[in-house]
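Q: Hey, got a few minutes to walk through this one with me? I'd like to talk about how its pieces pack together.

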Amino acid sequence: MTTQQYTTEAVSLLSHLIATPSVSRDERRAADIMEEELRRCGFEPRREANNVWATGHHVSDKRPTLLLNAHIDTVKPVASYTRNPYEPSLEDGTLYGLGSNDCGGGLVALLQVFRRLADSTDCPYNLVYLASAEEEVSGKDGISRALPLLPHIDVAIVGEPTGMQPAVAEKGLMVVDITAHGKSGHAARGEGVNAIYEALDDLCWIRSHSFERVSPFLGATKMQATVINAGTQHNVVPDECKIVVDVRTNELYTNEEVFDIISANCRSECRARSFRLHSSRIDLDHPLVQRCAALGMQPFGSPTLSDQALMPFASLKLGPGESARSHSANEFIRVCEIEHAIDTYTALLSK
C-alpha cells in the first residue's frame, strides 16, 4: 500500500472514532473499534479494560522493543463549539471533530506505521502498538493498567500533537493541598485566630519562591495557588483555610523533592494528592533522538502532561497536529499532517 492509501484508511478510521463519543472513563465503544481494526489488519489484539494493544508479527531477542502509543479518550466538548463535536466533517483537506487533534491524528497515523513495519526487516525495533484509555484524567484504568501486561519495552513514541517535532522532555504534575488552621470566634469581638491570615505567609512564599534547577528544555519548576476556600459567614472568624497548589515539575526534580521543599517552607499542613505524574526526559544521545535530528527535526520541551508521566522507560512525544488546538472548540487535524506523520514515522523507524 502507498502512503496515500494508508492515509485514506487512517482518515476513515479517525472519522469513525470522532463519531463515537469517548470521554475519559467512557471509552468502551472506541476501544471496541480499535480492537476490531487491529483484527481486520491481521493482528491478534489484547485488551485490558479499555486499553487495546498488539505486538508485531516477528519478534527478535536481538532487537530492542519500541512502544507506539496514543490515547483514545477525549475531554468533554467546550461550550463554545459551533460545530457538532461528534460529527466528523472533512472540508478542504481538514477533518473537524472532537479528538481529531488530541490525539486521534497520532493514534491513526501510528497504527498505519505499525501495519507497514510489523513485517519489515528494515525496522530495527520490535514493535508494540497500544491505544490507551483515560489519558486525559491520568486514570487508574488507563495505561498504568496495561503496562504490566506488555512485553519488556525499551523506548516509546507517544503520538501527542507536536507538529511532528520531538518533545524530549515533559513537565510533571503534582497537586498539593495546603490547610491553614486557626480558631473560630466572633468577628465583631476580634476573637479567635483567623486561618486566612495564618495562610498569608505561605501564599506569599508560594508566589515568590524560585526553584534553583532550571531545565534547558522545560525551564523552571513552577507552582501556582489555584483554589482557596475559607469561612462560613461574614461574622465568623474562619478556623480553616484550604489552598490548592498546582505544581509543574521539570526533569531536574522529582515530585517528592519538590513536596519536601514546599513542606519545609510552609507553616500550614501540606498533603500531596499523588507523586505518580513525574516529569520525563529522554537522553539526547538516544538513537531515536539522534535519528530525529538526522531527519532535520528540532527537539524541544513540552509543558503539557501525557501518558509519558506513567512510563518507567525512555520516551518522546512526536505526533501530527498542534498542541494549541487541543481542548479547544472546533478541534481539527489536516489530512496532510496525517500523511506527513506516516511518512516521517516510517523514515524514523527504518534502517
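A: Happy to; here is a short chat about its sheets, helices and salt bridges.

Q: What kind of model is it, and how are residues numbered?
A: It's a predicted model, where local features need pLDDT of at least 70, side-chain atom pairs count only at pLDDT 80 or more, and totals for chains, interfaces and linings use all residues. Residues are numbered from 1 along each chain as its sequence is written, and side-chain values use heavy atoms, with hydrogens and water left out.

Q: Cool. What's the strand order in the open sheet of four strands?
A: The order is 11-13-9-14, with antiparallel pairing. Strands here are DSSP runs of E with at least two residues, and helices are runs of H or I with at least four, both numbered from the N terminus. Two strands pair if DSSP finds at least two bridges between them.

Q: Which strands are at the edges?
A: Strand 11 (222–230) and strand 14 (269–272), each pairing on one side only. The twist averages 20° from one strand to the next.

Q: And how many bridges link strand 9 and strand 13?
A: Ten bridges join strand 9 (residues 172–181) and strand 13 (residues 240–249) in the antiparallel sense. His181 sits opposite Glu240 in strand 13.

Q: Which strands does helix 5 touch?
A: Helix 5 (residues 195–208) packs on that sheet against strand 9, strand 11 and strand 13, at about 15° to the direction of strand 13. Contact means heavy atoms within 4.5 Å, and angles run from 0 to 180 degrees between N-to-C directions, with axes fitted to C-alpha atoms, for helices over the stretch in contact.

Q: Switching topic: how do helix 3 and helix 8 pack?
A: Helix 3 (residues 100–117) and helix 8 (residues 335–348) meet at an angle of about 40°, with axes 9 Å apart. That makes helix 3 oblique to helix 8; angles under 35 degrees count as roughly parallel, over 145 as roughly antiparallel, 65 to 115 as roughly perpendicular and the rest as oblique.

Q: Which residues make the contact?
A: Among them are Gly105, Val108 and Arg116 of helix 3, and Ile338, Asp343 and Tyr345 of helix 8.

Q: Last one: how many salt bridges does the structure hold?
A: There are 21, a salt bridge being a side-chain nitrogen of Lys or Arg within 4 Å of a carboxyl oxygen of Asp or Glu. One joins the side chains of Glu37 and Arg40 (2.8 Å, N to O).

Q: Where do Glu37 and Arg40 sit?
A: In helix 2 (residues 28–40); being three residues apart there, Glu37 and Arg40 are separated by about one helical turn.
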